[in-house]
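Visitor: I'm new here and I keep meeting labels that nobody explains. Could you walk me through a few of them?

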Amino acid sequence: MHITSLPSPFGIGVMGTSAKKFAEKIKSMGFSIWQVLPLNPPDRFASPYASESAFAGNFMLINPNGLEEMGLITHEEVQKEYYYGSPYTADYEFAYHSRMRVLRSAYSKIDNGLKAQVEKFNSENKWLEEYSLFMAVRASQDGKPWWEWTDGLFDYKKAQTRKAEFSDEQLFWQFVQFVFYKQWKQTKEEINAVGVEILGDMPIYVSMDSADVWANTELFEIDEKTFVPKKVAGVPPDYFSKTGQLWGNPLYDWKEMEKDGYSWWIRRLKHATEIYDMVRIDHFRAFASYWAVPYGSETAMVGEWLDGPKMKLFDRVKKELGDIPILAEDLGVFGEDVVKLLEDSGFPGMKVIQFGFAPGSNSLHLPHNYPVNSVAYVGTHDNNTILGWLWEANETERAFALDYCRFKNGNWGEGGQKSESCRSIIEAVWRSSSAYAIISYQDMSGYGADARMNTPGKAEGNWLFRTTNEAIDQIDSEYFKKINYLFSRG
């Protein structure tokens, strides 16, 4: 359940009361971990996996009520930002402009005491100096990508020498991040106090048009003169797409990163462990080997596998940060190098039951094959809901799935049998030996494909799902309390 999906009067879910109430609800059902999507600012398609910063928080998640509590805006200003559209759909355009209004208003009232706190927060976070300058310069350049910036400002070092020109706008963005992390810290403390840990999500790659790349071009496979990526990220044809997925992110220059002991990654993982209790690294398999697609390719079908840093990176991480709680998203095209990296690192990999329903395959995604050191999913944010999958699967796959999960009534799609057929699949995951079992809010509620969070390979129409307090209250709490008890979950 992502924060944006929570109930709120502000167009999308925000930090604060709703998050605490949701944590209390799932704790009452026996759950002890809440997985969220990345908290980073999303791209223009609302994807939190393609951000202008690997460190910054999404200012749209800031709760205007919190700004009122800080004495920076009035209650009347908060009320003016109430959203009267559908409570079931996230309205990012509304949230963007609404949050900008209240944040600009709040910033106009900043006093010396608060300014000192913001400056202290900035001095403690190297990434914020880079990000705030990036945002300030971009505002002066009409929002163009950094490689199109004029007056030599595409060069981070030159931009630093001209900081005085952007000081006020830079301080504004430092203030925004100060507020974001102040609210997130409080929200996380309230969730933890309930007895629930936060499992965060870290995209492995960063966007080309990001503060991370602009300020650290030497760490990426980018032509130093033209700023064009040499090769870009993606995956070859897979479960989700016959032509592969062309993400287009710049690739890391792992040899260059090794020279200073992977310090950028150390900072990134340290940051993640400070804001989450556990961290899931998306596309973990790229640390073993990654799919490199020639820049300018129309699909990801053409590319080559190149070696990642493997244990050289994680040995360094352990030396610098100790044993940190990492979950590895190891899905997709597999290889012995990925298997070895998981074994050497000791991180649990992922199993998704929906990937296992090919009759006769004895897939590693079928629960009887799950090792203890793994994380079992009913479905991830990239999957259809279980009910949606049952409706869209071919007859052979559906029959195998229901038979495997011991659903005996043939009328799986009628009346109450829809719930029972979905529950048979949920319980198959819950019975597995995996150390963790995770279910989406949509599957807890028995929703169909229209509640799906994301469809990989499809740019628009994703990340829109929202819910209400009434819908959360309608979840069959006793059922989940029972299966968490029966199978020693939670």
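Guide: Here is a short chat about where some of those labels come from. Keep in mind that this is a predicted model.

Visitor: Let's begin with helices. Why is α11 called oblique to α12?

Guide: The axes of α11 (residues 263-275) and α12 (residues 311-321) cross at roughly 55°. Roughly parallel needs an angle under 35 degrees, and roughly perpendicular runs from 65 to 115. The crossing fits neither, so α11 is oblique to α12. Their axes come within 10 Å, and the crossing is right-handed.

Visitor: Which residues of α11 and α12 make the contact?

Guide: On the α11 side they are Trp265, Ile266, Leu269 and Lys270. On the α12 side you'll find Leu313, Arg316, Val317, Glu320 and Leu321. Sorted by class, that contact has 6 nonpolar, no polar and 3 charged residues.

Visitor: And what makes α4 roughly perpendicular to α8?

Guide: Helix α4 (residues 92-107) packs against helix α8 (residues 167-194) at an angle of about 110°. The roughly perpendicular range is 65 to 115 degrees, and the angle falls inside, so that is the name this pair gets. The axes are 10 Å apart, and α4 passes α8 in a right-handed crossing.

Visitor: Which residues meet where α4 and α8 are in contact?

Guide: From α4 come Met100, Leu103, Arg104, Ala106 and Tyr107. They meet Asp168, Glu169, Leu171, Phe172, Trp173, Phe175 and Val176 of α8. By class, this contact has 9 nonpolar, no polar and 3 charged residues.

Visitor: While we're on α8, why is Lys185 called exposed?

Guide: Lys185 sits in helix α8. Exposed means over 50% relative accessible area, and Lys185 has 53%, so the label applies. Here's another detail: Lys185 and Tyr276 are 91 residues apart in sequence, yet their C-alpha atoms are 9.7 Å apart in space.

Visitor: On to cysteines. How do you know that Cys405 is in no disulfide?

Guide: A disulfide is a covalent bond between the sulfur atoms of two cysteines. To count as one here, the two sulfurs must lie within 2.5 Å. For Cys405, the nearest cysteine sulfur is that of Cys422, 11 Å away. Cys422 is in no disulfide either, its nearest cysteine sulfur being that of Cys405. The count of disulfides comes to 0.

Visitor: Are Cys405 and Cys422 buried or exposed?

Guide: Buried means under 20% relative accessible area. Cys405 has 4%, so Cys405 is buried. Cys422 has 8%, so Cys422 is buried as well.

Visitor: What makes the phi of Phe227 worth a label?

Guide: The phi of Phe227 is near 60°, a positive value in a residue other than glycine. Phe227 lies in the loop between α9 (211-215) and β3 (231-235). With a relative accessible area of 15%, under the 20% cut-off, Phe227 is therefore buried.

Visitor: And why does Arg406 count as exposed?

Guide: The relative accessibility of Arg406 is 57%. The cut-off for exposed is over 50%, so Arg406 counts as exposed. Arg406 is found in the loop between α15 (395-404) and α16 (417-431). The phi of Arg406 is near 70°, again a positive value in a residue other than glycine.

Note on methods:
Residues numbered from 1 in each chain as written. Predicted model: local features only at pLDDT ≥ 70, side-chain atom pairs only at ≥ 80, totals over all residues. Heavy atoms only, no water. Axes fitted to C-alpha atoms, helices over the stretch in contact; angles between N-to-C directions. Helix = DSSP H or I, 4+ residues; strand = E, 2+ residues; numbered from the N terminus. Parallel < 35°, antiparallel > 145°, perpendicular 65-115°, else oblique. Left-handed = near helix turned anticlockwise from the far one by under 90°. Contact = heavy atoms within 4.5 Å. Nonpolar A, V, L, I, M, F, W, Y, C, P; charged D, E, K, R; others polar. Buried < 20%, exposed > 50% of the residue type's maximum accessible area, 1.4 Å probe, protein only.
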